[in-house]
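Student: I've got a model loaded and a few questions about how it's packed. Can we go through them together?

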Amino acid sequence: MIEELVKRYPVLESIKDQIGDAYRLLEACYENGGKLLIAGNGGSAADSDHIVGELMKGFVKRRPVSAKLAEALKQADPERGAELAKKLQGGLPAIALTNHAALSSAFANDVDGTLSYAQQVNGYGKEGDIFLGISTSGNAENVMYAAVTAKQRDSKLSVSPERQEESLRRSRMFPSSFRNRRPTRSRNFICRSTMRSA
């Protein structure tokens with residue numbers, strides 16, 4: 001699968017191993033009942049939403065609910081349950097931390113808006129979850145605070161040493177990075193962190 005991806009998008013060749021590492025982290029997370037928490041700003045916030053949209057429903061293939069759930073839905077309400085059993089899809093649990101306006105604005109007003117993502121990682125995160133922070137510049141303080149919060153849970157990071165800003169060195173976190181060859185957009189920083197304890 002990764003070979004096919006790299007064949008279609010040769011720019012990814014330099015980070016092929018990191019893509020494999022990220023896949024294995026996510027696979028283990030989902031096999032153990034975990035979830036993905038994602039954050040970013042601007043276009044990276046939109047990317048966060050898009051990733052969640054692809055994970056929480058079928059993408060190329062439909063993901064029907066289990067026969068057990070389908071039957072339970074029909075038992076709970078014969079009319080609505082049948083419709084639910086037919087149309088609901090299995091999802092890979094993922095939360096974009098970018099969409100909680102009431103929480104984010106309340107935290108910004110009462111505490112510190114730069115820490116809003118960190119607060120959500122602290123509240124939603126549990127052992128085995130993964131935090132994915134996306135920053136175009138690699139310097140988004142609110143994303144870094146969230147990564148540090150995830151890291152404090154004895155997190156494991158998948159890394160590439162291409163960019164190592166001083167703030168990252170201080171927190172002992174390093175980005176997985178690549179530059180997209182399209183001139184209009186680049187994503188220079190992605191921090192993946194697996195939360196080990198609650």
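Tutor: Sure. One term up front: two strands count as paired if DSSP finds at least two bridges between them. Keep in mind that this is a predicted model.

Student: In S3, which residue is the bridge partner of Gly-40?

Tutor: Start with the strands: S1 covers 36–40, and S1 and S3 run parallel, joined by five bridges. Within S3, Gly-40 is partnered by Ile-134.

Student: Is S3 largely enclosed or not, and why?

Tutor: Look at each face in turn. On one side sit Ile-130, Leu-132 and Ile-134, on the other Phe-131, Gly-133 and Ser-135, and they're all buried. That makes six of six residues buried, so S3 is largely enclosed by the rest of the structure.

Student: How many residues make up the largest nonpolar core?

Tutor: S3 feeds into it, with Ile-130, Leu-132 and Ile-134 among the members. Helices H2 and H3 and strands S1 and S2 also give two or more residues each. There's a second, separate core too, which includes Ala-39 and Leu-97. The count for the largest one is 12 residues.

Student: Setting aside neighbours within four places in sequence, which residues is Leu-55 in contact with?

Tutor: Leu-55 belongs to the largest core, and so do some of its partners, such as Tyr-30, Leu-36 and Ala-94. The full set is Tyr-30, Leu-36, Arg-63, Gly-91, Leu-92 and Ala-94.

Student: Is Ala-46 buried, partly exposed or exposed?

Tutor: Ala-46 lies in helix H3. Buried means under 20% relative accessible area and exposed means over 50%. Ala-46 has 44%, so the label is partly exposed.

Technical notes:
Residues are numbered from 1 along each chain as its sequence is written. This is a predicted model: local features need pLDDT of at least 70, side-chain atom pairs count only at pLDDT 80 or more; totals for chains, interfaces and linings use all residues. Side-chain values use heavy atoms; hydrogens and water are left out. A nonpolar core is a set of buried Ala, Val, Leu, Ile, Met, Phe, Trp, Tyr and Cys residues joined through side-chain atoms within 4.5 Å. Buried means under 20% relative accessible area, exposed over 50%, partly exposed in between (1.4 Å probe, protein chains only). Helices (H or I, at least four residues) and strands (E, at least two) are DSSP runs, numbered from the N terminus. Contact means heavy atoms within 4.5 Å.
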